[in-house]
Amino acid sequence: MTGKVAVYPGTFDPFTLGHESIARRAAALFERVVVGVAASRREAMFALDERVEIAAEALRDAPNVEVAKFDTLLVDFVRAQGAAVVVRGVRTLADFEYEARMAAMNHKLFPDFETVFLTPREEYSSISATIVREIARHGGDVSDFVPTAVISRLQHKF
């Protein structure tokens, strides 16, 4: 896949070690990876610009990874990045079923669009942003689940 540009999209609210793992693994497969931080359809814990800052800080040492925000259809963002490949992390069969439906719809909108599914490393397979938010909201320790860029921000929120 050398020479290809890939987009790894998500709301990343918050950015977790699982997200970081997928982004770094994609960076080993593609010449350039754009982590696309999407505006959230629901109320986000972190503002869009803050989610971009967090992801950029966590991935600052990955030379072929960029972080950008978007508030458009994914296919339009992918085209704007000069990409035709989207990377999606899947942890469970339910994740895969949802992502496969999304991939099919995106392919209808942009026929050259390809989706690559990556599973997280075993130690990150149970991490979800939703669970991290809930643990943090109740004062639990999330340091095993998020990059250091997230910890102080979560402590400040709660």
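How far apart should the ends of helix α4 be, given 17 residues at 1.5 Å a residue? The expected span is 24 Å, and the end C-alpha atoms of α4, residues 93–109, are 24 Å apart, so the two values agree. Before I go on, note that this is a predicted model.

Let me stay with α4. Its buried residues are Glu99, Ala103 and Asn106. These three cover an arc of only 65° around the axis, and therefore they sit on the same side of α4. What do they pack against? The partners of the buried residues of α4 are α3, β4 and β5. On the face turned away from that buried side, α4 carries exposed residues, namely Leu93, Ala94, Arg101 and Lys108.

Two of those partners are strands, which brings me to the sheet. The sheet is open and has five strands, paired in parallel, in the order β3-β2-β1-β4-β5. At its edges are β3, residues 65–70, and β5, residues 114–118, each of which pairs on one side only. On average, neighbouring strands of this sheet are turned by 30° against each other, with direction ignored.

Look at one edge of it. Strand β4, residues 85–89, pairs with β5 in the parallel sense, over five bridges. Within β5, Thr115 is the bridge partner of Val86.

Next, the helices on the sheet. Helix α1, residues 17–29, lies across β1 (5–10), β2 (32–38), β3, β4 and β5. The direction of α1 is at about 120° to β5. Helix α2, residues 48–58, also packs on the sheet, where it touches β2 and β3, and its direction makes about 175° with that of β3.

Helix α2 deserves the same treatment as α4. The buried residues here are Arg51, Val52, Ile54, Ala55 and Ala58. Because they cover an arc of only 165° around the axis, they are placed on the same side of α2. They pack against α1, β2, β3 and α6.

The last of those partners is a helix. Two packed helices are described by the angle between their axes and the distance between the axes. For α2 and helix α6, residues 148–157, the axes come within 9 Å and cross at roughly 145°. On the α2 side, the contact is made by Glu50, Glu53, Ile54 and Glu57; on the α6 side, by Ala149, Val150, Arg153 and Lys157. By class, the residues of this contact divide into three nonpolar, no polar and five charged. Ile54 is in that contact, and Ile54 is also one of the buried residues of α2.

Finally, two loop residues, one on each side of α3. Asp71 is in the loop between β3 and α3, the latter being residues 74–80. Gln81 is in the loop between α3 and β4. Which of the two is buried or exposed? Asp71 has 67% relative accessibility, so it counts as exposed; the cut-off for that is over 50%. Gln81 has 17%, so it counts as buried, the cut-off being under 20%.

What does Gln81 touch, leaving out residues up to four places away in sequence? The contacts of Gln81 are Val5, Val7, Arg32 and Val34. Val5 and Val7 fall within β1, and Arg32 and Val34 within β2, going by the strand limits.

As for Asp71, one distance is available: Asp71 and Ala100 are 29 residues apart in sequence, and their C-alpha atoms are 22 Å apart in space.

Note on methods:
Residues are numbered from 1 along each chain as its sequence is written. This is a predicted model: local features need pLDDT of at least 70, side-chain atom pairs count only at pLDDT 80 or more; totals for chains, interfaces and linings use all residues. Side-chain values use heavy atoms; hydrogens and water are left out. Two strands pair if DSSP finds at least two bridges between them. Helices (H or I, at least four residues) and strands (E, at least two) are DSSP runs, numbered from the N terminus. Axes are lines fitted to C-alpha atoms, for helices over the stretch in contact, and angles run from 0 to 180 degrees between N-to-C directions. Contact means heavy atoms within 4.5 Å. Buried means under 20% relative accessible area, exposed over 50%, partly exposed in between (1.4 Å probe, protein chains only). The expected span of a helix is 1.5 Å times one less than its number of residues. The arc is that of the directions from the helix axis to the C-beta atoms. Ala, Val, Leu, Ile, Met, Phe, Trp, Tyr, Cys and Pro count as nonpolar, Asp, Glu, Lys and Arg as charged, and the others, Gly among them, as polar.
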